[in-house]
Amino acid sequence: MDPDRVDKASGKMSGEGDITSVMGFSGFGKKARTFDLDAIFEQTRRTAIERSQRVLEDRQKDIQMEEQGESSKSSVAIKKAIAGPSRKQESESSSDSNSNSDSELIGPPVPTQPNDDDDDELVGPPLPAGYTGSTAVSGDEDEGDAQDDDDDDDDDDNPVKRIPDTHEITLQHGTKTVSALGLDPSGARLVTGGYDYDVRFWDFAGMDQSLHAFRSLQPCECHQIRSLQYSITGDVILVVSGNAQAKVLDRDGFNVMECVKGDQYIVDMANTKGHTAMLNSGCWHPKTKEEFMTCSNDGTVRTWDVKSEKKHKSVFKPRSYQGKKVIPTCCTYSRDGKLIAAGCQDGTIQIWDRNLSVHTKFHCRQAHTPGSDPSCLSFSYDGVTLASRGGDDTLKTWDIRNFRKPVNTATGLTNYFAMTDCCFSPDDRLLVTGTSVKKDEGNGKLVFFDRSSFQRVHEIEVTNASAVRCLWHPKLNQIMVGTGNGLAKVYYDPFKSHRGAMLCVVKNKRKEKHAETLTQDYIITPHALPMFREARQRSTRKQLEKDRLDPKKSHKPEPPVSGPGRGGRVAAHGGTLSSFIVKNIALDKTDDSNPREAILRHAKEASENPYWIAPAYKQTQPEPLFAEDSEEDEEAEKEPEWKKRKI
């Protein structure tokens, strides 16, 4: 052995021995291995740079060989790509290598593969060494790409293929009609309202497969919910119910404002501060986040500002052909917010300029049958077409530039509800509405019409009740439907839709955690003396396990006694005197029509075996004498009923 090495080693061992003896862990194993992270990172960086340079060089060589048209060279390039790792190791081990790194590669090497004309990477195992051409494969790929392009073109040409109806989820709102639906602009939360006065909040990101609402409330007490809509920013919700005052709630259901009620004794509705009769509909302004609109049975359409709840902003008064007041049943803004449209009970559709509330800008007198309430008005996304859903079982489209007659009309769409919806698809090429059915007389449907030809191109059978509300969200590309039997259905396609219902269907149901109740009352006294202080219960589970072993605490309660009592226990139905008497009275079925027989039926038994009264008065009690039946009594019994004496 080398004496210098021995001295150095002994010196190191002595220094380390002093430290370990001081620290108190001398003699425990060997020294831990240390790593220089900076050196490792630098080595990895150099290796990656060298590898990428080699890959680029190989690709350039392959491109040059393909341009020259030498098939033999292409096979050599494939061999090079397959043998890349071995060549890399040989180059590193050789002395004339350009690599400055003297360490091994970290991680598996990246296989380099020759590029095709389309610069697509090969998928699958490497090609064999003798394979020279790929004409058949490339032809198949070209055909497949062409076929995919054709399918995409077909999807572009056929809007029916864009309907997301392959999957659905069902949200149980209640048992009565879902008369209102609202979805925030981001598509994260859905709010439903119905005839049962409830408003339920659904969070797609927070729900699992159980599909439960995270909040339910009754903002308008005992009034049916007519309309729900999120503002353009999604921070507040407009609630329109059957009373005269609309409400604005925040995202969690707390009250933000409530519109003021007008004076019902004033004739001119423009002089009142608010509505005086039941509301029919309402919506938010598409551009101004603080403004919304409502229409009511008092014959007015009013705009409001969230910041001023004491008075409306402006009033629009629909008028009939004779100048009389008519009731607006639905209202909406145009997409740019410059026009206000209202459908009235006399079948007219009246449109005002938002800044001019006196005269209508467009007015169609006979849009729908007079007396049939139009249930919905909806502008297309381009702002040119207006769709109207009438109570006369029709769906019509109108061109705003020529508002005298409808562009298209569809009939035979049954409508039993005053809030049946119609809406446009996100690409503005389809128009969808729901149909109504009577109870047990068929299924409610979602009917899709092509906007240009107005042909019925598709139908979805929703459920065995009416399809009332429908909403096609442009961001999620999902369709929400409110039905007449208390369901809210969401239709989606995993490939065409985004987020929304797809977030909650992938989550498993949470396991119900049984509440751990304290087995005994625990009084917290933090300032008690130590001798009186109880031991703090760290976990109820341990206490429950101890109580389970205790025979008294874990004793199963006795079930109620059925039938006659046993073991000193009386049956539940005969435990008290009153219940015992009631039971015997109910079981006593003797005929007491003859009072004499009823009294004397126990006389023989009492005389032969006296027990209660006779033994006590045995010495002094006289002998009872009962009257005997006489002939007069027998004759009286034989007399007819009308001769008998009435007592």
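Buried means under 20% relative accessible area. The legends below use the term in that sense for a predicted model.

**Figure 1. Overview of the predicted model.** The protein has 647 residues, and 35% of them count as buried. Its secondary structure comprises 11 helices and 28 strands. Among contacts with a separation of 6 or more, 49% join residues 24 or more positions apart. The protein exposes about 41500 Å². Carbon and sulfur atoms supply 51% of that area.

**Figure 2. Cysteines Cys344 and Cys376, neither of them in a disulfide.** Cys344 is buried, at 0% relative accessibility. Its closest cysteine sulfur belongs to Cys330 and lies 8.0 Å away, too far for a bond. Cys376 is also buried, with a relative accessible area of 8%. For Cys376 the nearest cysteine sulfur is that of Cys422, at 3.9 Å. The cut-off for a disulfide is 2.5 Å between sulfur atoms, so Cys376 and Cys422 do not make one. By this rule the model holds 0 disulfides.

**Figure 3. Asp184 in the loop between strands S2 and S3.** Strand S2 spans 178-183 and strand S3 spans 189-194. Asp184 is buried, at 1% relative accessibility. A polar atom of the Asp184 side chain lies 2.9 Å from the backbone nitrogen of Ala188. Leaving aside neighbours within four places in sequence, Asp184 is in contact with Arg189, Tyr230, Arg251 and His473.

**Figure 4. The salt bridge between Arg251 and Asp184.** The two side chains meet at 3.2 Å, N to O. Arg251 is in the loop between strand S8 (247-250) and strand S9 (255-258). The pair links distant parts of the chain, with the two positions 67 residues apart. Arg251 is partly exposed, with a relative accessible area of 24%. Asp184, by contrast, is buried at 1%.

**Figure 5. Arg469 in strand S26.** The strand covers residues 467-473. Arg469 counts as buried, at 13% relative accessibility. Its side chain reaches the backbone oxygen of Ser179 at 2.8 Å. Beyond neighbours within four places in sequence, the contacts of Arg469 include Val178, Ser179, Ala180 and Leu181. Arg226, Ser227, Met419 and Asp421 are also among them. So are Met480, Val481 and Gly482.

**Figure 6. Further salt bridges, from a total of 20 in the structure.** Asp198 pairs with Arg200, the closest N and O atoms being 4.0 Å apart. Asp198 is buried, with a relative accessible area of 13%. Arg200 is partly exposed, at 21%. Glu459 pairs with Arg456, and here the closest N and O atoms are 2.7 Å apart. Glu459 is partly exposed at 31% relative accessibility. Arg456 is partly exposed as well, with a relative accessible area of 43%. Glu42, Arg45 and Arg46 are linked in a network of salt bridges.

**Figure 7. A nonpolar surface patch that includes Leu577.** Leu577, Phe580, Ile581 and Ile585 make the patch. Its area is about 420 Å². Leu577 is found in helix H8, which runs over residues 577-587. Leu577 is exposed, with a relative accessible area of 63%.

Methods:
Residues numbered from 1 in each chain as written. Predicted model: local features only at pLDDT ≥ 70, side-chain atom pairs only at ≥ 80, totals over all residues. Heavy atoms only, no water. Buried < 20%, exposed > 50% of the residue type's maximum accessible area, 1.4 Å probe, protein only. Patch = residues over 30% accessible without salt bridge, like charges linked within 9 Å, V, L, I, M, F, W, Y side chains within 5 Å. Areas by Shrake-Rupley, 256 points an atom, 1.4 Å probe, with all protein chains shown as cover. Helix = DSSP H or I, 4+ residues; strand = E, 2+ residues; numbered from the N terminus. Contact = heavy atoms within 4.5 Å. Polar contact = N/O pair within 3.5 Å; in protein donor to acceptor, adjacent residues only side chain to side chain.
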